[in-house]
Amino acid sequence: MNIEIPPPEIQEVKITEDALTFDLLDGRSISVPLAFYPTLMLATREEREDFEKTGSSVHWPALDCDINSEALLRGAKEALVYARKAYARAEERRRSAA
């Protein structure tokens, strides 16, 4: 018999220049290098700080980015297709600023 255990709920989200950390309701903290998620790594501080937390997931509307606690627990990295979009967005931002 397989019993499905739901992913742990997120209490707090912390983002530094180097890491993404989820503090979970069960008392654990999960931290991964921000480089695992180029969409967040290449975003502006304002884009990173604009997120919606819902249970075990976090959504960044301006970035169209979703990350859940299960992904961090598994050490999952961002899919290559989304990482490429993030690098293209960052390059466009750099060109616009020049």
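Read from the N terminus onward, the elements of the protein chain follow the order β-β-β-α-α-β-β-β-α-α, which amounts to 4 helices and 6 strands. The model is a predicted one, and what follows describes features computed from its atoms. The C-alpha trace of the protein chain spans about 55 × 25 × 20 Å along its principal axes. Of its 98 residues, 34% count as buried, and the protein chain exposes about 6,600 Å², of which carbon and sulfur atoms supply 50%. Among contacts with a separation of 6 or more, residues 24 or more positions apart account for 46%. As for charge, the protein chain carries 13 positive and 18 negative side chains, with the centres of the two sets lying 6 Å apart.

The N-terminal part of the chain can be taken up next. Strand S1, covering residues 10-15, and strand S2, covering residues 19-24, pair in the antiparallel sense over 5 bridges, and these two strands form a hairpin with 3 residues between them. Within this pairing, Ile15 stands opposite Leu20 in S2. As a general matter, the strands of a sheet pair through backbone hydrogen bonds, in either a parallel or an antiparallel arrangement.

Further along the chain comes a second set of strands. Here 3 strands form an open sheet in the order S4-S5-S6, and the pairing is antiparallel. The edge strands are S4 (52-54) and S6 (65-68), each of which pairs on one side only, and the twist averages 20 degrees from one strand to the next. Strand S5, made up of residues 57-60, pairs with S6 in the antiparallel sense over 4 bridges; at one point in S6, Asp66 is the bridge partner of His59.

Two residues of this region, Asn68 and Ser56, repay a more detailed look. Asn68 is found in strand S6, whereas Ser56 is found in the loop between S4 and S5. Is Ser56 buried or exposed? Its relative accessibility is 17%, and because the cut-off for burial is under 20%, Ser56 counts as buried. Asn68 has a relative accessible area of 27% and is therefore described as partly exposed, since that class lies between the buried limit of under 20% and the exposed limit of over 50%.

The contacts of these two residues tie them to each other and to other parts of the chain. Leaving aside neighbours within four places in sequence, Asn68 is in contact with Phe22, Ser56 and Ser57. With residues up to four places away again not counted, Ser56 touches Pro7, Pro8, Glu9 and Ile10, and also Ile67, Asn68 and Ser69. A further distance helps to place Asn68 relative to Lys53: these residues are 15 residues apart along the chain, and their C-alpha atoms are separated by 9.5 Å.

Finally, attention can turn to a helical position. Glu91 lies in helix H4, which covers residues 80-97, and with a relative accessible area of 26% Glu91 is partly exposed. How far apart are the C-alpha atoms of Glu91 and Ser56? Along the chain Glu91 and Ser56 are 35 residues apart, and their C-alpha atoms are separated by 31 Å.

Key:
Residues numbered from 1 in each chain as written. Predicted model: local features only at pLDDT ≥ 70, side-chain atom pairs only at ≥ 80, totals over all residues. Heavy atoms only, no water. Pairing = 2+ DSSP bridges. Axes fitted to C-alpha atoms, helices over the stretch in contact; angles between N-to-C directions. Buried < 20%, exposed > 50% of the residue type's maximum accessible area, 1.4 Å probe, protein only. Contact = heavy atoms within 4.5 Å. Areas by Shrake-Rupley, 256 points an atom, 1.4 Å probe, with all protein chains shown as cover. Lys, Arg positive; Asp, Glu negative; His and termini not counted. Charge placed at Lys NZ, Arg CZ, Asp CG, Glu CD.
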